Structures are given as C-alpha cells and as structure tokens.
Amino acid sequence: MIKAIAIDDEPLGLEIIAHFCANQNIISLEKTFTQLSEAEKYLRKNPVDVLFLDIQMPEKSGIDFYRDLDYEPVLIFTTAYSEYAVEGFNINATDYLLKPFSEERFMAAIQKANAEVQVRRQFPTDNMLSIRAEHRWVRIPFDTIQLIEALDDYVQIHHNNGEKIISRMPMKNVIDRLPPADFLRVHRSYIVPVKRVKALKNKNLLVEGFVIPVGVTYEEQVMELFK
C-alpha cells in the first residue's frame, strides 16, 4: 500500500477522492485537508507517497504549496480549471485530474502514481536529479551531468555519454533540485557542475568542451570559484 493525503478547499471534492480510494487496494488515504497550513503541519511529521492537490486554494495556490515542501511526494493535481495544466506539468506532476473526473480516470492516475512510487523505492534519489522527460520519469546521477541548458520553456541536460535529455520545466525548478555545493547557475540559460569548470576567460567559462557565457547577474558567484 502507498500512503496519500488529499487537499481541497471543497469538502465534496475530498469526499469523492476518499470514496474512490476506498474502492481499491493500492493506496491508503491517510487524511484529508481543506487548509494548506494544516496539511503542511501534517506532512512535516508524516511524509506520504502521494499528494492529491487542488490548485486554486484560498491561502495560496497549490502549485506554490508544492514548491515550498521540503520533499517531493508524487503529485496528482485535482482541479476544475484546465488553464493550470501546463503549469502543473512544469513542476513534474504525475497526473492532472480535471473535475469532474470519473472513477475510471481516477484509477488510471492511481496506477501511474503507484508505478512512480515503486520506482522511487527501488532507486533512491539522494544523488540523482529526478525529472519527467518524454512522458516518463528519468533519474540522472549528479556526477554524470555535464551541463544544463535552458530552451524556452524546456531544459536540456547534457549527459557525459553524449545523450541529451529534454524536460519541460523552468530553470529555477532545476537549480532547486541540485546540491548547491556542486552546481552553479552562471547565466539565465546555463547551470554548470562546479567540478567540470576548467577556466574563466573573457567572461566565458570553459566547461569540458563547452564555452559558456557568464551573465552579469551571476558574475560575483562565478568569481568565487576562482578565489
């Protein structure tokens, strides 16, 4: 069994999720909340595998709530507003349930969440970047990353075997998932592994075969590497 909680400011929405969860044996709905602050207190002491989360909440958006958590449970958005779908997937939501959703559609989301939880249990992510790419979860060991590059609404991760992995997510979300001692954002479009930086020349970094410009905003942090 995988553990979950549900957060929705509408009690009826929570009742539907609880009813659907009770009809299967994959997931245990531990608790439901109508207030984000109460859910946050609970999660500090009781981590769960899966989070059902409404986006439009009175206190703040569900998206901001999820970004502020200390860890990343598997996320399933439940909302009546389709316009939030793109932003939801930008933070690697496993599924997006648009209200009203059927029990069949709910179970499909549960199956996806369960698969993701089992992968996480099998492959711990302490030393890996976990992202969603090409409709699947990918885990990239930190020490194999050569460079991370922004491409409009996407990021392209250059792997040391020559592979390039593309994921739809903002650069800020990527840097938040990386150990700050090992990675440095040097430009609005580039994040580099500190250990791969070879030299600084004419406001450009030499990073194992790449020449990366240093943005004005990041010059001070970059210079700290060479003191």
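In this predicted model, F77 and Y96 are both tucked away as buried residues. A search of the whole structure turns up 7 aromatic pairs. One of them is stacked: the rings of F52 and F106 sit 5.3 Å apart, centre to centre, with 20° between their planes. This pair links distant parts of the chain, since F52 belongs to strand β3 and F106 to helix α5, 54 residues apart. F52 has a relative accessible area of 0%, so it counts as buried. F106 also comes out at 0% relative accessibility and is therefore buried. Back with F77 and Y96, the ring centres are 6.3 Å apart and the planes stand at 65°, so this pair is edge-to-face. F77 lies in strand β4 and Y96 in strand β5, so the pair ties together parts that are 19 residues apart in sequence. Ring pairs also link F20, F52, F101 and F106 into a cluster.

Several of these rings belong to strands of a sheet. This open sheet is built from 5 strands in the order β2-β1-β3-β4-β5, and the pairing is parallel. At the edges are β2 (27–33) and β5, each of which pairs on one side only. Neighbouring strands in this sheet are turned by 20° against each other on average, if direction is ignored. Helix α5 packs on the sheet and touches β1, β2, β3, β4 (74–79) and β5, while its direction makes about 160° with that of β5. Zooming in on one pairing, β1 (residues 2–7) and β3 (residues 50–53) run parallel and share 4 bridges. Within that pairing, I5 has L51 of β3 as its bridge partner.

Just past β5, the backbone does something worth a look. Most peptide bonds are trans. The bond joining K99 and P100, however, is cis, with omega at about -10°. P100 sits in the loop between β5 (95–98) and α5 (103–122). K99 is involved in a charged contact too.

In total, the structure holds 11 salt bridges. In one of them, the side chains of D8 and K99 meet at 2.5 Å, N to O. D8 lies in the loop between β1 and α1 (11–22), and K99 in the loop between β5 and α5, so this salt bridge ties together parts that are 91 residues apart in sequence. Which of the two partners is buried? D8 is, because its relative accessible area is 1%. K99, at 21% relative accessibility, counts as partly exposed, because the buried class is limited to values under 20%. A second salt bridge joins the side chains of D176 and K172, at 2.9 Å from N to O. Here both residues lie in helix α6 (residues 171–176), 4 residues apart, which is about one turn of the helix. D176 and K172 are both exposed. A third example brings together the side chains of R196 and E208, again as a salt bridge, at 2.6 Å from N to O. This pair links distant parts of the chain: R196 is in the loop between β12 and β13, and E208 is in the loop between β14 and β15, 12 residues apart. R196 has a relative accessible area of 8%, so it is buried. E208, with 33%, is partly exposed. Salt bridges that share partners also join D8, D54 and K99 into one network.

E208 turns up again in the backbone. Strands β14 and β15 run antiparallel and are joined by 4 bridges. In this pairing, N204 stands opposite P213 in β15. The two strands form a hairpin with 2 residues between them, and E208 in the turn has a positive phi of about 45°. Most residues other than glycine have a negative phi. K203 also goes the other way, with a positive phi of about 60° even though it is not a glycine. K203 is found in the loop between β13 (197–201) and β14 (204–207). Its relative accessibility is 55%, so K203 counts as exposed.

One more loop residue rounds off the picture. S189 is in the loop between β11 (183–187) and β12 (190–193). Is S189 buried or exposed? S189 is buried, because its relative accessible area is 16%. Leaving aside residues up to four places away in sequence, S189 touches I148, E149, A150 and M171.

Notes: Residues are numbered from 1 along each chain as its sequence is written. This is a predicted model: local features need pLDDT of at least 70, side-chain atom pairs count only at pLDDT 80 or more; totals for chains, interfaces and linings use all residues. Side-chain values use heavy atoms; hydrogens and water are left out. Buried means under 20% relative accessible area, exposed over 50%, partly exposed in between (1.4 Å probe, protein chains only). Contact means heavy atoms within 4.5 Å. Two strands pair if DSSP finds at least two bridges between them. Axes are lines fitted to C-alpha atoms, for helices over the stretch in contact, and angles run from 0 to 180 degrees between N-to-C directions. Rings of Phe, Tyr and Trp (its six-membered ring) pair if their centres lie within 6.5 Å; planes under 30 degrees apart count as stacked, over 60 as edge-to-face and the rest as tilted. A salt bridge is a side-chain nitrogen of Lys or Arg within 4 Å of a carboxyl oxygen of Asp or Glu.
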